[in-house]
Amino acid sequence: MLKRFGMGRRTKILIDYSLCGNGTDPRSCCRCLRVCAPAVFQLHQSFGVRETNVFDPQRWRITPLWPSLCTRCLECVQACPRGAIHVSG
Ligand code: SF4
Ligand code: SF4
């Protein structure tokens with residue numbers, strides 16, 4: 001039953017942060033966020049105890065926080081203008 005709806009599989013969603021968020025502000029894009037129906041992605045400030053300026057727009061990140069919800073529709077892969085998203089599993 002779970003398999004029928006694309007849930008319960010071990011989907012891996014990787015984001016190449018050298019392509020997204022490196023010298024760019026992902027908040028100016030967020031296409032992956034908008035096209036993902038099950039809302040797998042989260043936009044947040046990067047974590048770290050040595051942040052010098054937590055309000056620096058370069059420090060924002062997109063993270064696939066709930067990969068178990070992924071249906072493998074690949075809408076995010078097709079929507080990403082930087083080719084930064086890889087879905088497998
Ligand atoms: S493949 Fe589809 S469901 Fe999975 S993260 Fe991308 S847009 Fe969301
Ligand atoms: S669509 Fe690609 S470039 Fe845009 S925020 Fe998502 S991962 Fe980054």
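Y17 lies in the loop between β1 (12-15) and α1 (31-35), where helices (H or I, at least four residues) and strands (E, at least two) are DSSP runs, numbered from the N terminus. The model is predicted, and for that reason local features need pLDDT of at least 70 and side-chain atom pairs count only at pLDDT 80 or more, while totals for chains, interfaces and linings use all residues. Residues are numbered from 1 along each chain as its sequence is written, and chains are lettered from A and ligands numbered from 1 in the order in which they are written.

To return to Y17, this residue counts as partly exposed because it has 14 C-beta neighbours inside 10 Å. The terms behind that statement are these: a residue is buried if 20 or more other C-beta atoms lie within 10 Å of its own, exposed if 12 or fewer, and partly exposed in between, with C-beta atoms placed from the backbone. Although Y17 and R61 are 44 residues apart along the chain, their C-alpha atoms are separated by 8.3 Å.

The chain as a whole has two helices and four strands, and when it is read along the sequence these elements follow the pattern β-α-β-β-α-β. Of its 89 residues, 18% are buried. Among the contacts with a separation of 6 or more, 70% are between residues 24 or more positions apart, a contact being a pair of residues whose C-beta atoms, placed from the backbone, lie within 7 Å.

Strand β1 has two faces, of which the covered one carries I13 and I15 and the uncovered one K12 and L14. This strand is joined by four bridges to β4 (residues 85-88), and the two run antiparallel; strands pair if DSSP finds at least two bridges between them. Within this pairing, K12 stands opposite S88 in β4.

Another strand, β2, contains H44, which is partly exposed because 13 other C-beta atoms lie within 10 Å. If its neighbours within four places in sequence are left aside, H44 is in contact with R61 and T63. The second of these partners, T63, is 19 residues from H44 along the chain, and their C-alpha atoms are separated by 7.8 Å.

Which residues have the most contacts inside the largest nonpolar core? That core has 13 residues, and the ones with the most contacts inside it are C32 and I85; a nonpolar core is a set of buried Ala, Val, Leu, Ile, Met, Phe, Trp, Tyr and Cys residues joined through C-beta atoms within 7 Å. C32 is found in helix α1 and is buried because 24 other C-beta atoms lie within 10 Å. Not counting residues up to four places away in sequence, C32 touches F41, I62, C76, A79, C80 and I85. One of these, I62, is 30 residues from C32 in sequence and 8.7 Å away in space, C-alpha to C-alpha. On the same basis of leaving out residues up to four places away, I85 touches I13, I15, C32, C76, V77 and C80.

The model also holds two ligands, and a residue is near one of them if its C-beta atom, placed from the backbone, lies within 6 Å of it. Ligand 1 is surrounded by 13 residues, the closest being C36, V40, C70, C73 and C76. Around ligand 2 there are 14 residues, of which C20, C29, R31, C32 and C80 come nearest. By class, the shell of ligand 1 has 10 nonpolar, one polar and two charged residues, whereas that of ligand 2 has 12 nonpolar, no polar and two charged residues; here Ala, Val, Leu, Ile, Met, Phe, Trp, Tyr, Cys and Pro count as nonpolar, Asp, Glu, Lys and Arg as charged, and the others, Gly among them, as polar.

Most residues other than glycine have a negative phi. C30, which is not a glycine, nevertheless has a positive phi of about 60 degrees, and it lies in the loop between β1 and α1. L74, found in the loop between β3 (60-64) and α2 (75-79), has a positive phi near 65 degrees.

Finally, confidence is given by pLDDT, the predictor's confidence in each residue, from 0 to 100. The chain averages a pLDDT of 84, and 76% of the residues score at least 70. Over residues 1-6 the pLDDT is below 50, and this stretch has five contacts in the model beyond near neighbours in sequence. Where pLDDT is low, the predicted coordinates should not be read in detail.

Conventions:
Contact = placed C-beta atoms within 7 Å.
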